[in-house]
Amino acid sequence: MDEPTILLTNDDGIESAGLRAVYDGLSTVGDVTAVAPAEDQSAVGRAISHEVTVHEHELGYAVEGTPSDCVVAGLEALVTDADLVVAGCNRGANLGAYVLGRSGTVSAAVEATFFDVPAMAVSMYIPVREDAAFADIEANGDSYREAAKATTYLADHAVDAGVFEQCDYLNINAPVAEWGDAQMTVTRPSHLYEMDAVQDGDAVTLHDRIWEHMAEGDIPDPEGTDRRAVVDGKVSVSPLTAPHTTEHHEALDAIAETYEPGDEAAD
């Protein structure tokens, strides 16, 4: 197709280095307009607002709202001719099935699919042992070079190649650029889940132990999963469908058939 019109959003905010890096890369293959949160909106999932304030920005528009707000406002009011939505680059990986619904970055891509617009979410893996230490890791524009390169390549080739005829969106995770040139591999989200919680008085602290395993390179995830690929220094690309899939379920059918309408609760 001709040069695509690309709507770029994220959840780290329109001033983030990751968004700028991807903006610059995508601008070599398409007409890019950023419609991104004015402030950090990390881990808000698909939260949506009734009304948002929009400000003009040198890259496009800054929205006082969530990533999903940006996609809806963008596709319906601000960039109505978008051929592709790209969300990112997120500062930190979005890996594993359990993360998909939490991530504002991934949620923006999911939101786009309901408008029948192909979408990509892109994140950069930063190796840290504890979630609390994550904010101390430096990530400048050059750190996102590998992520921006992979995103630009896919934006330039995936639509014409028919990729989105078989999936709704791509979840891309790239290593920090300093690791060197990375191969690209097609993956599936890992199902490993190691959240735990520890109570200390009135406080309960939640921990995601996956980060510790990843920082040590000691993960049980098998070949072919997104987390294994990134820990091995590769660019992970997972072709995904938007939630939620519906499958025929004979056991549930049988229960539904025996349900008796009425005022009293079933025994």
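A pocket, as the word is used here, is an open set of grid points where a 1.4 Å probe fits, with protein on both sides within 12 Å along at least five of seven lines; its lining residues have an atom within 4 Å of a point. The model on display is a predicted one.

**First stop: the second largest pocket**

Select Tyr153, Leu154, His157, Ala158, Ala161, Val163, Leu170, Met184, Val186, Val237 and Pro239, which form the lining of the second largest pocket. The space inside this pocket amounts to about 170 Å³. Colouring the selection by residue class shows 10 nonpolar residues, 1 polar residue and no charged ones. Next, display the secondary structure around the selection. Helix α4 (145-157), strand β8 (184-186) and strand β11 (235-240) each contribute at least two lining residues, and the greatest contribution, 3 residues, is that of α4.

**Second stop: the open sheet**

Change to a cartoon view and follow the 9 strands of the open sheet in the order β3-β4-β2-β1-β5-β6-β7-β11-β8; their pairing is mixed. Which strands stand at the edges? They are β3 (54-57) and β8; each has a single partner strand, so one of its sides has no neighbour in the sheet. From one strand of this sheet to its neighbour, the average turn is 20°, direction ignored.

Within the sheet, select residues 119-125 (β6) together with residues 169-175 (β7): these two strands run parallel and are paired over 7 bridges. One position to label is Ala121, which has Asn171 of β7 opposite. Then add residues 67-78, helix α2, which packs on the sheet and touches β1 (5-9), β2 (31-37), β3, β4 (60-63) and β5 (84-91). Viewed against β2, the direction of α2 makes an angle of about 135°.

**Third stop: a hairpin**

Move to residues 195-200 (β9) and 203-208 (β10), an antiparallel pair joined by 6 bridges. Here Asp196 has His207 in β10 as its bridge partner. The hairpin has 2 residues between its strands, and Gly201 adopts a positive phi near 65° in it.

**Fourth stop: the annotated positions**

Select Asp11, Asp12, Ser42 and Asn90, which an unreviewed UniProt entry lists under "binding site". Why can these positions be viewed at one spot? Although they span 80 residues in sequence, no two of their C-alpha atoms are more than 8.9 Å apart, so they gather there.

**Last stop: backbone details**

Keep Ser42 on display; this residue belongs to the loop between β2 and β3. Ala43 is also found in the loop between β2 and β3. Although Ala43 is not a glycine, its phi is positive, at about 60°. Finally, show the backbone of Gly88 and Cys89. The peptide bond from Gly88 to Cys89 is cis, and its omega is near 5°. Cys89 itself is part of strand β5, one of the strands that helix α2 touches.

Methods:
Residues numbered from 1 in each chain as written. Predicted model: local features only at pLDDT ≥ 70, side-chain atom pairs only at ≥ 80, totals over all residues. Heavy atoms only, no water. 1 Å grid on protein atoms, 1.4 Å probe; cavity = no way out; pocket = protein on both sides within 12 Å on 5 of 7 lines; lining within 4 Å. Points joined across faces, edges and corners; volume = space filled by probe spheres on them. Helix = DSSP H or I, 4+ residues; strand = E, 2+ residues; numbered from the N terminus. Nonpolar A, V, L, I, M, F, W, Y, C, P; charged D, E, K, R; others polar. Pairing = 2+ DSSP bridges. Axes fitted to C-alpha atoms, helices over the stretch in contact; angles between N-to-C directions. Contact = heavy atoms within 4.5 Å. UniProt positions renumbered as here; feature names shortened; annotations may be inferred.
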